[in-house]
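Let's walk through this model together, one question at a time. Have a look at the structure first, then read on.

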Amino acid sequence: FTLCTMGLSEATSAGVKSDNPIEFKFIGKLKNRPVFQLNLNNAEAEEFLISIKDENHDLLYTEKVKAQKVNFSRNYGLDIEDGDLNTPGFSVIVEVTSKKTNVTQVYKISSHRSVTENIVVAQL
């Protein structure tokens, strides 16, 4: 797997849950590759540790993020062809740890592909 960060942006406060300071979600595909968004809905400047691991818990990517702004947002793209029929699927684990509270939230991202063949007999 290759992981690339897609950029930084300041998130708007509309529709953001204030009870959970960390939100991680699938936002779509770019060039047939899955893209995810991490929203850090912190009330003040805070530092977070982001770790992305494969299904065997081997570290693929890690970074420290200093969220200087309230409602910090960053996009991550997995460099995997999700539409490729030779790719059976993928599974990664994302851990987001607040350095201030030392609380870790864990997200599992998985994709599974199956092929179904239907044979229909119809009388003409």
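Q: Is Gln37 buried or exposed?
A: This is a predicted model, in which local features need pLDDT of at least 70, side-chain atom pairs count only at pLDDT 80 or more, and totals for chains, interfaces and linings use all residues. Residues are numbered from 1 along each chain as its sequence is written, and side-chain values use heavy atoms, with hydrogens and water left out. Buried means under 20% relative accessible area, exposed over 50% and partly exposed in between, with a 1.4 Å probe and protein chains only. Gln37 has a relative accessible area of 16%, so Gln37 is buried.

Q: Which residue shares a side-chain polar contact with Gln37?
A: Gln37 sits in strand β3; strands are DSSP runs of E with at least two residues, numbered from the N terminus. A polar contact is a pair of N or O atoms within 3.5 Å; within protein, one must be able to donate a hydrogen and the other to accept it, and residues adjacent in sequence count only if both atoms are side-chain atoms. At 3.4 Å, the side chain of Gln37 has such a contact with that of Asn75.

Q: How many bridges join β2 to β3?
A: Two strands pair if DSSP finds at least two bridges between them. Strands β2 (residues 22-30) and β3 (residues 33-40) run antiparallel, and Glu23 stands opposite Asn39 in β3. The number of bridges joining the two strands is eight.

Q: Which residue in the turn between β2 and β3 has a positive phi?
A: The two strands form a hairpin with two residues between them. Most residues other than glycine have a negative phi. In this turn, a positive phi of about 55° belongs to Lys31.

Q: What is the relative accessible area of His57?
A: His57 is in the loop between β4 (46-54) and β5 (59-67). This residue has a positive phi of about 65° although it is not a glycine. His57 is exposed, and its relative accessible area is 52%.

Q: Which element gives the most residues to the largest nonpolar core?
A: A nonpolar core is a set of buried Ala, Val, Leu, Ile, Met, Phe, Trp, Tyr and Cys residues joined through side-chain atoms within 4.5 Å. Of the 19 residues in the largest one, Phe24, Leu38, Leu40, Ile50 and Val96 touch the most other members. Elements giving two or more residues to this core include β2, β3 and β8. With four residues, the element that gives the most is β7.
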